[in-house]
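Reader: I'm new to this one and would like a close look at a single part of it. Could you walk me through it slowly, starting from a question I have?

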Amino acid sequence: MDKIEIRNIKLYGYHGVFPEEREKGQYFLIDVEIFFSLKNAGISDELVESIDYSKVYNIIKNINENNKFRLIERFAHVISQEILSTFEEIINITVRVKKPDAPIDGDFEWVGVEIKRSGNG
C-alpha cells in the first residue's frame with residue numbers, strides 16, 4: 001500500500017488534563033501516515049491525483065489552534081476524522097500525537113498515542 005507521511009509536526013498547544021497544561025501550554029509532535037494509491041499521481045505527475053500535504057498540515061494546525069483537548073487520544077481522533085472527511089480517497093490513516101513534556105516525574109523522551117482509522121477509499 002502506498003502512503004504519504006508527515007513526521008514530527010511541532011505545534012504549541014494547550015491540551016492536557018491538568019489546569020496548568022491547559023493554561024501554560026506545551027509542545028506536541030504529530031505524525032500522520034495516509035494510505036491510498038499513489039499510482040495515478042506517479043503516472044500523471046499532477047497534484048490533483050494525490051493529497052496535498054500542505055492542506056493536511058493546515059488541518060492539523062487549525063485543530064490544534066482552535067481546541068483545548070484534555071486527552072491526546074481525543075486530539076489524535078479529531079485529526080484523523082477531519083482528514084478522512086476532507087479526503088475521501090484515503091483508505092487508512094495513522095495518527096500519532098507525542099507529548100515530550102508530559103507531567104511525569106521521570107526521564108523520558110515523550111509519551112504518546114497512535115490511532116489507526118479506516119476511510120472510504
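Which side chain does Arg7 meet in a salt bridge? And please take me from there into the sheet around it.

Author: Happy to. One thing up front: this is a predicted model. Now to your question: Arg7 meets Glu5, and the two side chains form a salt bridge with 2.2 Å from N to O. Arg7 is partly exposed at 40% relative accessibility, and Glu5 is partly exposed too, at 39%. That pair belongs to a wider web: Lys3, Glu5, Arg7, Asp31, Glu33, Arg96, Lys98, Glu114 and Lys116 are linked in a network of salt bridges. Across the whole model, the salt bridges come to twelve.

To see where those residues sit, let's lay out the sheet. It is an open sheet of four strands, in the order E1-E2-E3-E4, and the pairing is antiparallel. Strand E1 covers 3–13 and strand E4 covers 111–118; both stand at the edges with a single partner strand each, so one side of each has no neighbour in the sheet. On average, neighbouring strands are turned by 15° against each other, if you ignore direction. As for what holds strands side by side, strands of a sheet pair through backbone hydrogen bonds, either parallel or antiparallel. Here, E3 and E4 run antiparallel and are joined by eight bridges. Along that pairing, Arg96 stands opposite Glu114 in E4.

Two helices go with this sheet. Helix H3, residues 53–65, packs on it and touches E1 and strand E2 (26–35), with its direction at about 30° to that of E1. Helix H4, residues 72–86, lies across E2, E3 and E4 and runs at about 30° to E4.

Back to Arg96, since it's one of the network members. Arg96 forms a salt bridge with Asp31, and their closest N and O atoms are 3.7 Å apart. This pair links distant parts of the chain: Arg96 is in strand E3 and Asp31 in strand E2, 65 residues apart. Is Arg96 buried or exposed? Its relative accessible area is 15%, and the cut-off for buried is under 20%, so Arg96 counts as buried. Asp31 is buried as well, at 3% relative accessibility. Compare that with the pair you asked about, where Arg7 is partly exposed and so is Glu5.

There's another salt bridge with buried partners, and it brings in strand E3 again. Lys99 has its place in that strand, which spans residues 92–99. Lys99 pairs with Glu21, and the closest N and O atoms are 2.6 Å apart. That connection also reaches far along the chain: Lys99 in strand E3 and Glu21 in helix H1 (residues 19–24) are 78 residues apart. Lys99 is buried, with a relative accessible area of 8%, and Glu21 is buried at 5%. If you want to know what surrounds Lys99, leave out anything up to four places away in sequence, and the residues in contact are His15, Gly16, Glu21, Gln26, Phe28, Ile72, Phe108, Trp110 and Val111.

Trp110 turns up in one more arrangement. The charged end of Lys98 sits over the ring of Trp110, 5.1 Å from its centre. Lys98 is also one of the residues in the salt-bridge network. A second lysine does something like this on another ring: Lys10 lies over the face of Tyr27, at 4.6 Å from the ring centre.

Tyr27 is a good way into the last piece, the aromatic rings. The whole structure holds four aromatic pairs. One of them is Tyr12 with Tyr14: the ring centres are 5.7 Å apart and the planes stand at 80°, so this pair is edge-to-face. Tyr12 also pairs edge-to-face with Tyr27, at 4.9 Å centre to centre and 85° between the planes. This second pair links distant parts of the chain, with Tyr12 in strand E1 and Tyr27 in strand E2, 15 residues apart. Put together, the ring pairs link Tyr12, Tyr14 and Tyr27 into a cluster. Each of these tyrosines is partly exposed: Tyr12 has a relative accessible area of 36%, Tyr14 comes in at 32%, and Tyr27 at 37%.

Definitions and conventions. Residues numbered from 1 in each chain as written. Predicted model: local features only at pLDDT ≥ 70, side-chain atom pairs only at ≥ 80, totals over all residues. Heavy atoms only, no water. Contact = heavy atoms within 4.5 Å. Pairing = 2+ DSSP bridges. Axes fitted to C-alpha atoms, helices over the stretch in contact; angles between N-to-C directions. Phe/Tyr/Trp six-rings, centres within 6.5 Å; stacked < 30°, edge-to-face > 60°. Buried < 20%, exposed > 50% of the residue type's maximum accessible area, 1.4 Å probe, protein only. Lys NZ or Arg CZ within 6 Å of the ring centre and 35° of its normal. Salt bridge = Lys/Arg side-chain N within 4 Å of Asp/Glu carboxyl O.
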